[in-house]
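Please read the following explanation alongside the sequence and the three-dimensional model, turning from one to the other as the elements are introduced.

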Amino acid sequence: MRTTRLRFTVALLCAVFAAVASGGLSPLRAAPADFTRYHTYEEMAAALKAAVAAHPDLAKLVSIGKTREGRDIWAVEIARQSGPPVDTRPGLLVAATFEGDHLIGSELALYTIDFLLNAYAADAAVRQRLDASVVYVVPRVNADGAEQMFAPVKALRRTNATPFDADNDGRTDEDGPEDLNKDGFVTVMRVKDPKGPYMTAPDDARLMKRADPAKGESGGWAVYIEGIDNDGDGFYNEDGPGGVDINRNFMHQYPYFTPDAGRYMVSETETRALVDYVLKHRNIAAILTFGESDNLVTAGGRSAATAALNLVEFAERANAPARRVGMMPDLGGGMGRGGGRGGGGMFMPGAEGGRGGQPQAAGRGGGGVQPATSVNAADLEYFTAIGAKYRELTGLRSTGYMRAPAGAFYEYGYFQFGVPSFSTPGWGLPGGGRPAGPGGGAGPAGDAAARPGGVPAGMAGATGAFGQRGAGRGAGAGSGMGADGEIGEGIDQRLLQWMDSEKVDGFVTWAPFKHPSLGDVEIGGFKPYVAVNPPAAKIADLGAAHAKFVVYMTSLFAKVAIAKTEVTSLGGGLFRVRADVENAGFLPTALAQGVTARSVKPVMVQLGVPPESIITGSEKTSFIPALAGSGSRQSYEWVITGKPGTTVTLKAVSQKGGTDTATLTLK
């Protein structure tokens with residue numbers, strides 16, 4: 001019986017494979033990934049391998065490098081493999097989880113991969129895009145940092161695994177947080193302290209606020225990260241595991257002197273791997289990142305304002321003096337309590353082996369050409385239109401936790417690589433005002449009410465004013481804190497209200513604890529990751545909305561074509577050749593910033609004849625710095641010598657807009 005059953009199974013499998021080979025059955029379809037939960041690195045890698053294996057004609061999985069702990073940084077290249085070479089087609093790069101705590105980015109990227117591969121056969125729009133272009137997806141740049149979300153004890157961490165002396169004491173990673181109350185989360189501690197600057201918030205006793213003496217308010221509380229002072233320096237948990245914030249390590253507006261930004265630009269293996277990959281794929285014509293900054297929900301092509309989780313920022317602020325490069329310890333009073341070391345210290349720009357010691361870039365305030373820090377006016381219309389479409393397709397009208405993009409990859413993508421480059425957290429908190437409009441005012445009156453797409457109610461809301469650059473560059477891991485020590489807009493109340501309405505278990509109720517050195521404290525606060533990641537139940541709806549946006553973005557690429565040709569015989573072996581080169585796509589072949597940065601090659605138009613055959617007219621090879629989209633044309637004319645009946649090839653090549661050729665017969 002067992003032998004008969006085995007023979008039947010083998011025969012059935014052979015019949016199935018034969019039918020697939022002959023076209024009698026549809027190709028194997030990968031089972032959709034499970035989008036009801038967040039994926040560990042191993043689970044994500046397995047899902048990627050399964051998806052690619054089921055679609056070998058559409059996808060290729062490559063490792064673009066390894067993390068500090070040896071994990072592969074995977075990239076999936078999605079395009080129909082037959083046809084024009086993939087690396088000559090315009091491409092969209094989607095990259096996620098630069099910040100290790102932003103796991104929703106990986107899930108949106110993974111959903112996008114799954115959608116594109118499984119929709120190719122049935123969806124004409126997807127099929128058209130993947131036949132003519134390519135989508136590169138790097139779903140988890142900071143794989144080491146992201147694994148902390150799945151640890152038995154969850155402690156918020158956005159940095160990679162590079163050892164880092166965060167408190168400048170010659171030791172690394174020696175004072176990390178501890179789960180003192182054994183609830184599985186590292187939250188914060190609040191302790192009564194006459195010197196403490198904080199008080200309980202009048203509107204919600206779960207929260208803390210800085211007391212305002214001008215309003216008659218007095219403090220009396222200090223706030224610290226949950227744990228003990230392992231190294232006895234008067235600070236609590238100021239030098240935990242890991243070290244470099246990947247989305248602070250790229251080469252645009254690199255935040256010198258900022259803890260966690262790395263020893264120098266592109267110092268990290270993860271950063272280098274992504275930059276090398278991008279530079280090897282110059283056909284990348286647009287970039288979309290999922291991260292903790294935004295220029296899509298916030299209209300006008302500028303980045304959203306910093307929006308901090310103040311309860312966490314207050315705790316981080318207590319350690320800010322220890323993380324300042326070159327600070328010498330004040331071993332007098334005031335250590336630890338009320339904001340860390342009470343004394344000043346000596347600032348030494350060259351300390352710590354050069355970390356943070358590089359002076360400001362030449363040209364800043366010293367004459368010469370200044371680096372661009374805002375979208376070129378000629379490019380603004382594209383950012384405005386794409387942002388409006390994003391809000392329409394996703395239904396998002398707000399952001400939540402928000403960081404200023406100092407050294408962020410997506411800014412490198414626009415200002416240095418020269419292509420339209422965007423960032424979004426992928427979800428938002430309700431409440432607040434509408435996003436600012438293109439001119440700086442509020443958007444349309446009906447904008448906040450619309451909720452198109454499959455995004456659940458409660459996932460949309462509002463954002464603060466945009467354009468507050470530079471915030472979050474001077475205070476370590478808590479990037480809502482500015483260089484002057486002030487803390488930006490807090491989302492604490494909005495987050496609590498949303499969690500209460502959605503029944504999200506994301507806040508640990510304050511409870512007393514006997515601390516070994518601080519005495520009576522209370523431990524509680526927001527659970528790690530709750531401010532930057534929605535509940536897993538939201539992933540599928542958010543993923544579907546963002547996959548639609550990805551498909552939309554692939555429809556925008558420049559599309560260079562030889563639109564019209566004409567050959568006229570002038571007699572005596574002379575011929576007049578005329579041609580129009582057109583850009584039928586929405587985007588120009590190069591943004592104004594791409595031309596300014598000289599990072600995008602001009603369009604090349606070349607007539608395939610010997611140079612000596614050209615009597616007059618255009619050059620054999622001509623270049624167009626940028627050809628606008630929506631049908632814009634450039635005309636060329638040559639008078640050449642040749643034999644009747646000879647064929648001549650005319651070629652137009654765009655780095656971001658593809659290639660087209662035409663064969664002309666001299667007659």
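The paragraphs below take up two sheets, the helices that accompany one of them, and a cavity.

This is a predicted model, in which local features need pLDDT of at least 70 and side-chain atom pairs count only at pLDDT 80 or more, while totals for chains, interfaces and linings use all residues. Residues are numbered from 1 along each chain as its sequence is written, and side-chain values use heavy atoms, with hydrogens and water left out.

Helices (H or I, at least four residues) and strands (E, at least two) are taken as DSSP runs and numbered from the N terminus, and two strands count as paired if DSSP finds at least two bridges between them. Strands of a sheet pair through backbone hydrogen bonds, either parallel or antiparallel.

One open sheet has 6 strands in the order E1-E2-E4-E3-E9-E11, and its pairing is mixed. Its edges are formed by strand E1 (59–66) and strand E11 (421–424), each of which pairs on one side only. From one strand to the next the twist averages 20 degrees, where angles run from 0 to 180 degrees between N-to-C directions and axes are lines fitted to C-alpha atoms, for helices over the stretch in contact. Within this sheet, strand E3 (residues 91–96) and strand E9 (residues 284–290) run parallel and are joined by 6 bridges; Leu-93 has Ile-287 in E9 as its bridge partner.

Helix H6 (residues 269–280) packs on this sheet, touching E1, strand E2 (72–78), E3, strand E4 (134–138) and E9, and its direction makes about 135 degrees with that of E1; contact here means heavy atoms within 4.5 Å. Helix H11 also packs on the sheet, where it touches E3, E4, E9 and E11, with its direction at about 165 degrees to that of E9.

H11 (residues 539–553) has a helix partner as well, for it packs with helix H8 (residues 380–394) at an angle of about 145 degrees, the two axes lying 9 Å apart. On the H8 side the contact is made by Ala-385, Ile-386, Lys-389, Tyr-390, Leu-393 and Thr-394, and on the H11 side by Ala-545, His-546, Lys-548, Phe-549 and Tyr-552. By class, the contact has 7 nonpolar, 2 polar and 2 charged residues, with Ala, Val, Leu, Ile, Met, Phe, Trp, Tyr, Cys and Pro counted as nonpolar, Asp, Glu, Lys and Arg as charged, and the others, Gly among them, as polar.

A second open sheet has 4 strands in the order E15-E16-E20-E18, with antiparallel pairing. Strand E15 (560–571) and strand E18 (614–617) stand at the edges with a single partner strand each, so one side of each is left without a neighbour in the sheet. The twist in this sheet averages 20 degrees from one strand to the next. E15 is joined to strand E16 (residues 574–583) by 10 bridges, and Val-567 stands opposite Val-577 in E16. Another 10 bridges join E16 to strand E20 (residues 632–641), whereas E18 and E20 pair over 3 bridges. Val-639 of E20 stands opposite Arg-576 and is also the bridge partner of Thr-616.

Turning to enclosed space, the second largest cavity is lined by residues including Ala-285, Gly-418, Leu-587 and Lys-656; a cavity is a set of points, on a 1 Å grid over the protein atoms alone, where a 1.4 Å probe fits but cannot get out, and lining residues have an atom within 4 Å of a point. The lining of this cavity divides into 9 nonpolar, 2 polar and 1 charged residues.

Terms used: On a 1 Å grid over the protein atoms alone, a cavity is a set of points where a 1.4 Å probe fits but cannot get out, and a pocket is an open set with protein on both sides within 12 Å along at least five of seven lines; lining residues have an atom within 4 Å of a point.
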